[in-house]
Structures are given as structure tokens and as C-alpha cells.
Amino acid sequence: KVVVVGSANMDLVGLAPRLPRPGETVLGDDFVMTPGGKGANQAIAAARAGGATTFLGAIGSDSFGVTLGSRLAATGVDTTHLRTSYGPSGVAVIMVDRAGENAILVSPGANRTFLGLSDEERACIADADVLLCQQEIPLATVAEALTAARAAGTRTVLNAAPAMELPPGLLEQVDLLVVNETEARAITGGQDASDMAALLALVPRVVLTLSGAGSRYADRDGQDVQVPAFAVEVADTTAAGDAFTGALAVAWAEGRDLLDAVRWANAAGAASVRKIGASNALPDRAEIEALFEG
Ligand code: ADP
């Protein structure tokens with residue numbers, strides 16, 4: 001079982017020939033509205049990858065919140081403990097160009113109100129095999145969730161996205177850190193994203209995602225392995241990290257060896273970039289397996 005403690009946003013996705021520069025207006029192509037936010041996306045990714053998944057988070061009292069809740073539930077995510085707070089839901093304004101490059105603005109809304117875990121939420125975390133967190137909700141709540149998981153023997157995964165400096169102590173509660181190169185640099189404060197030693201000084205296991213080059217797994221037992229990407233045609237890279245991380249959490253919760261789990265997550269990430277969109281582009285287990293088995 002996987003429990004995700006994180007954000008839910010409505011993604012407003014505009015497609016355009018190219019991304020506008022500051023002050024510029026570009027006439028776009030299609031527009032799509034889809035549930036998103038790193039937390040909800042990774043919960044949907046985990047559920048579609050075949051894991052029993054619970055989402056803990058906060059939606060607003062607007063129509064976006066209703067849509068977010070029902071979309072999560074329809075995907076098979078357990079939303080029993082989803083909070084509704086008075087005010088707007090989180091919203092992400094996303095622009096995608098024809099090359100699949102994107103620019104994203106996140107307005108946190110209800111996600112900002114997700115503070116102080118309830119007893120039910122703690123019980124949910126204690127009951128899970130893996131806790132998965134990101135950094136689109138207050139970091140105090142992330143820290144609380146990680147600590148609750150540690151105390152209960154639930155393995156902890158932090159996808160340290162979006163990139164930010166972290167308060168000291170937070171990473172001490174993390175069993176597995178998942179970062180892209182930008183996020184890795186934000187954590188170590190260094191210039192070199194591939195400085196795995198600097199990351200392993202903070203957490204026992206690290207997965208560095210490398211977009212089209214796949215990923216890299218390293219741990220304190222001395223493993224440091226480059227895991228090649230699956231070759232696919234790229235339509236939109238928006239949810240690649242979410243597809244990857246959700247699938248990784250499922251595979252680890254299922255007791256798979258981490259290196260094997262990373263390879264499987266690579267297949268999930270690759271499968272997601274073939275489609276346009278965020279949560280709607282997340283692959284199901286059959287799609288992941290098809291790519292994984294080759
Ligand atoms: P993020 O979106 O968080 O920056 P990445 O871009 O590194 O994350 O993508 C996450 C994972 O998705 C990668 O580790 C890789 O396995 C897969 N992936 C991303 N882009 C591609 C691509 N162009 N081809 C194949 N796999 C990809």
C-alpha cells in the first residue's frame with residue numbers, strides 16, 4: 001500500500017507554437033483542463049501503476065475541488081480522508097510548446113491550508129508500506145508525515161520537487177530521495193548535480209532522474225548505477241517525473257529490489273511522455289509492462 005501526502009491542483013494547459021516571452025502574447029493551439037498537482041498526479045500514477053493508493057491532501061470549496069476529488073476517486077485512489085478547505089483549489093497554469101517543452105505557474109490555494117495531520121491521517125500513514133511526499137504543500141506537513149511514517153516503520157520517499165532549499169533535519173527522515181538535476185543542485189547547494197556523494201551524505205538512497213537519459217540509482221551500500229531510458233517519441237514531458245515517482249513507490253511497496261523498481265519506473269516515465277497532458281498521460285500497469293518487457 002502507498003500513501004501520498006501532497007498537493008492537488010487543477011491544471012489549465014494551453015498548447016502553443018512556442019512559449020511566450022515576458023510581456024508577450026502568443027496565439028495558442030488547443031486548451032485542456034485536467035486534474036494535477038504533484039501529489040495528486042503521483043497518487044494517480046501509483047494507482048494506475050497497480051498499487052493500492054491513498055491520497056492525503058486538501059482541495060478547495062470551488063468547482064475545481066469537486067472535479068479533483070471525483071477524478072482521483074475514479075482512478076481508484078482512496079480519497080476517504082481528502083480535506084476540503086474554504087477557498088480556491090490549487091491551480092497550475094501550464095504552457096506547452098510544439099517541441100514538448102513547458103513552463104508552469106502554480107497557485108497553491110487549498111494546498112497552503114494543509115497543516116497539522118489528524119489522527120486518521122496518521123493511522124493511514126502507519127498502515128502503508130511506502131509514504132510518498134513532494135514539496136507543493138507546507139514543508140511542516142511534509143516533515144510531520146515523514147516523522148509519523150518513520151515512527152511506524154513505513155518507508156519514506158521524498159520527491160524533492162519543486163526545487164528548493166530544505167530545512168535541516170527534513171532529509172534525515174527520508175529513506176529514498178527522488179530528484180532531477182535541478183532539485184539535486186537545490187539540495188546540495190552545489191554546481192554539480194551528479195555529485196551523488198553529497199546527496200548520500202544526507203539520505204541513504206538516491207534516484208536522480210535524467211529525462212531522456214533515464215535515471216541513476218545510488219545508495220550508501222556502494223551501488224551507483226546508470227539506468228538507461230526506454231526510447232519513445234516525445235509528445236509532452238509534463239508528467240514524466242510524476243509517472244516515474246508514482247510507479248517507483250508502487251514497485252518498492254511491492255517489495256521489488258530498488259534497482260529493478262527504478263528500471264520499471266523508467267518505463268512508466270517513458271510511457272507518459274508519449275502523451276500530451278499530466279494526469280491523463282499517466283500510464284496504466286499494462287502500458288508500463290509492455291514497455292518494460294520490450
Ligand atoms: P522531471 O519531469 O521531474 O524533471 P525527468 O524529466 O527526469 O523528470 O523524467 C523522469 C523520468 O521519465 C526519467 O528518469 C526517464 O525515465 C523518463 N523520461 C523522461 N523523459 C524521457 C524521454 N524523452 N524518453 C524516455 N524517457 C523519459
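## Exercises on two sheets, a buried threonine and a ligand shell

In this predicted model, Val5 stands opposite Leu56 of strand E4.

**Exercise 1. Place the pair Val5 and Leu56 in its sheet, and determine which strands stand at the edges.**

Solution. Begin with the strands themselves: E1, which covers residues 2-5, pairs with E4 in the parallel sense, and four bridges join the two. Next, widen the view to the whole sheet, which is open, has eight strands with mixed pairing, and follows the order E4-E1-E9-E10-E11-E12-E13-E14. The ends of that order are strand E4 (53-56) and strand E14 (224-227), and because each has a single partner strand, one side of each is left without a neighbour in the sheet. From one strand to the next, the twist averages 15 degrees.

**Exercise 2. Find which strands of this sheet helix H1 and helix H8 lie across, and give an angle for each helix.**

Solution. Take H1 (residues 38-48) as the starting point: this helix lies across E1, E4, strand E9 (130-133) and strand E10 (155-159), and runs at about 170 degrees to E4. Then turn to H8, which lies across strand E12 (205-209), strand E13 (215-219) and E14, with an angle of about 165 degrees to E13.

**Exercise 3. Describe the sheet of four strands and the helix that packs on it.**

Solution. First write down the order, E3-E2-E7-E8, in an open sheet whose pairing is mixed. The edge strands are E3 (31-36) and E8 (102-107), each of which pairs on one side only, and the twist from one strand to the next averages 20 degrees. Then look at one pairing in detail: strand E7 (residues 90-97) and E8 are antiparallel partners over six bridges, and within this pairing Ile94 has Ile104 of E8 as its bridge partner. Finally, add helix H2 (residues 63-74), which packs on the sheet and touches strand E2 (9-16), E3 and E7, its direction making about 65 degrees with that of E3.

**Exercise 4. Decide whether Thr141 is buried or exposed, and name its contacts beyond four places in sequence.**

Solution. Locate the residue first: Thr141 belongs to helix H4 (residues 139-152). Then count its surroundings; Thr141 has 21 C-beta neighbours inside 10 Å and therefore counts as buried, the cut-off being 20 or more. Once the neighbours within four places in sequence are left aside, the contacts of Thr141 are Val5, Phe114, Leu115 and Leu117, and Val5 is the residue that stands opposite Leu56 in E4.

**Exercise 5. Characterise the shell of residues around the ligand.**

Solution. Start with the number of residues, which is 20, the closest being Thr209, Gly212, Ala240, Gly241 and Gly269. Next, ask which helices contribute: helix H7 (240-253) and helix H8 (258-273) each supply at least two residues of the shell, and the largest share, four residues, comes from H8. Lastly, sort the shell by character, which gives 10 nonpolar residues, 10 polar residues and no charged ones.

**Exercise 6. Judge how compact the protein chain is for its 294 residues.**

Solution. Note first that the protein chain contains nine helices and 14 strands. Its radius of gyration is 18 Å, close to the 19 Å given by the globule rule for 294 residues, so the chain is as compact as a globular protein of that length. Two further values complete the picture: buried residues make up 49% of the 294 residues, and, among contacts between residues at least 6 apart in sequence, 68% join residues at least 24 apart.

Key
Residues numbered from 1 in each chain as written. Predicted model: local features only at pLDDT ≥ 70, side-chain atom pairs only at ≥ 80, totals over all residues. Pairing = 2+ DSSP bridges. Axes fitted to C-alpha atoms, helices over the stretch in contact; angles between N-to-C directions. Contact = placed C-beta atoms within 7 Å. Rg over C-alpha atoms; globule rule 2.2 N^0.38 Å. Buried ≥ 20, exposed ≤ 12 C-beta atoms within 10 Å, placed from the backbone. Near = placed C-beta within 6 Å. Nonpolar A, V, L, I, M, F, W, Y, C, P; charged D, E, K, R; others polar.
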